[in-house]
Structures are given as C-alpha cells and as structure tokens.
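User: Could you take a close look at one part of this protein for me? I'd like to start from a single helix and see how the rest of the chain sits around it.

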Amino acid sequence: MKDKITNLVGEKIEKLNVFVDDVFISTEEGKKILNIVLDSEEVIDLNLITEASRIINKLIDQNQMLDDDIYEVDIYSKEKGE
C-alpha cells in the first residue's frame, strides 16, 4: 500500500516540499484507518498538512484506493527526532 500511495501522490505533494514517510493500516474501535505519515526537511505546520491532505484525499478518491473496509484516512506529520 505504501508504494501505491507514494507513487500516486508523490509528485503532487513534492511541490509542497513534503514526502510520504510511511503508510500503514491500523484499527481503532473496530474501524480500519489508513495512516499516511508525511515528512519534510522543514517544519510541517498545520496549514501545510491541510494543503497536503486536500491533495492526497482528492487523489485517493479519484483513484478509488480505499477498500470497502477502510473507514478513515488519517494524514499527519512525522515527529521530529524519530
């Protein structure tokens, strides 16, 4: 899944100076969540996450990337120091 997401959104979010660091599926309260972790050489603020999220969500929807059992997409930045 990581390769698919990275290939799909990589070029589009590259212009924001961010990249996909990790993609994984987790389960919370019985619901599957697609987690997309972004990273950058610079600080990723809330506005940048919001802009990247709009791009990523649109591409995921257009390309029907989600299985029927995934209920949510969570996009966030990697914590510095990890």
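The part I have in mind is helix α1, residues 2-14. Which of its residues are buried, what covers them, and where is the helix kinked?

Analyst: Happy to; just keep in mind that this is a predicted model.

Let's set the scene before zooming in. The protein chain contains two helices and three strands, and from the N terminus on they come in the order α-β-β-α-β. The chain has 82 residues and a radius of gyration of 12 Å, which agrees with the value near 12 Å for a compact globule. If you want a feel for the dimensions, the C-alpha atoms fill a box of roughly 35 × 25 × 20 Å along the principal axes. Of the 82 residues, 34% count as buried.

Now to your helix. Helix α1 covers residues 2-14 and isn't straight: there's a kink of about 40°, centred on L8. L8 also shows up among the buried residues of α1, together with I5, V9 and I13. As for what lies over those buried residues, the cover includes strand β1 (19-28), strand β2 (31-39) and helix α2 (46-62).

Let's walk along α1, beginning with K2. K2 belongs to helix α1, and it counts as partly exposed because its relative accessibility is 34%. Leaving aside neighbours within four places in sequence, K2 is in contact with D21, D22 and V23. There's a link in space to I36 as well: K2 and I36 are 34 residues apart in sequence, yet their C-alpha atoms are 8.5 Å apart.

Further along the helix you come to G10, also in α1. G10 is partly exposed, with a relative accessibility of 23%; the cut-off for buried is under 20%, so G10 doesn't make that group. Its C-alpha atom is 7.0 Å from that of V20, a residue 10 places away in sequence.

What comes after the helix? N17 lies in the loop between α1 and β1. Have a look at its backbone: phi of N17 is near 65°, a positive value in a residue other than glycine. N17 counts as partly exposed because its relative accessibility is 44%.

For the view from the α2 side, A52 is a handy residue to click on. A52 is found in helix α2, and with a relative accessible area of 1% it is buried. Not counting residues up to four places away in sequence, A52 touches I13, L16, V18 and L38. I13 in that list is one of the buried residues of α1, and α2 is among the elements that cover them. L16 is worth picking out too: A52 and L16 are 36 residues apart along the chain, and their C-alpha atoms are separated by 7.5 Å.

Next, the strands. S26 has its place in strand β1, one of the elements covering the buried residues of α1. Its relative accessible area is 24%, so S26 is partly exposed. Not counting residues up to four places away in sequence, S26 touches K31, K32, I33 and N35. S26 also has a distant partner to compare in the viewer: I70 is 44 residues away along the chain, with 9.5 Å between the two C-alpha atoms.

Between β1 and β2 there's a loop, and E29 lies in it. E29 has a positive phi of about 55° although it is not a glycine. Its relative accessibility is 76%, so E29 counts as exposed.

Back out to the whole chain for a moment. Pairs such as A52 and L16, which are 36 residues apart, bring up the question of how far contacts reach along the sequence. Among contacts between residues at least 6 apart in sequence, 56% join residues at least 24 apart. The accessible surface comes to about 5,700 Å², and 42% of that belongs to carbon and sulfur atoms. On the charge side, the chain has 10 positive and 20 negative side chains, and the centres of the two sets lie 5 Å apart.

So, back to what you asked: α1 is kinked at L8, its buried residues are I5, L8, V9 and I13, and the cover over them includes β1, β2 and α2.

Note on methods. Residues are numbered from 1 along each chain as its sequence is written. This is a predicted model: local features need pLDDT of at least 70, side-chain atom pairs count only at pLDDT 80 or more; totals for chains, interfaces and linings use all residues. Side-chain values use heavy atoms; hydrogens and water are left out. The bend at a residue is the angle between axes fitted to the seven residues ending there and the seven starting there. Helices (H or I, at least four residues) and strands (E, at least two) are DSSP runs, numbered from the N terminus. Buried means under 20% relative accessible area, exposed over 50%, partly exposed in between (1.4 Å probe, protein chains only). Contact means heavy atoms within 4.5 Å. The radius of gyration is taken over C-alpha atoms; the globule rule is 2.2 Å times the number of residues to the power 0.38. Accessible areas come from the Shrake-Rupley method with a 1.4 Å probe; for residues, only the protein chains shown count as cover. Lys and Arg count as positive and Asp and Glu as negative; His and the chain ends are not counted. The place of a charge is taken as NZ of Lys, CZ of Arg, CG of Asp or CD of Glu.
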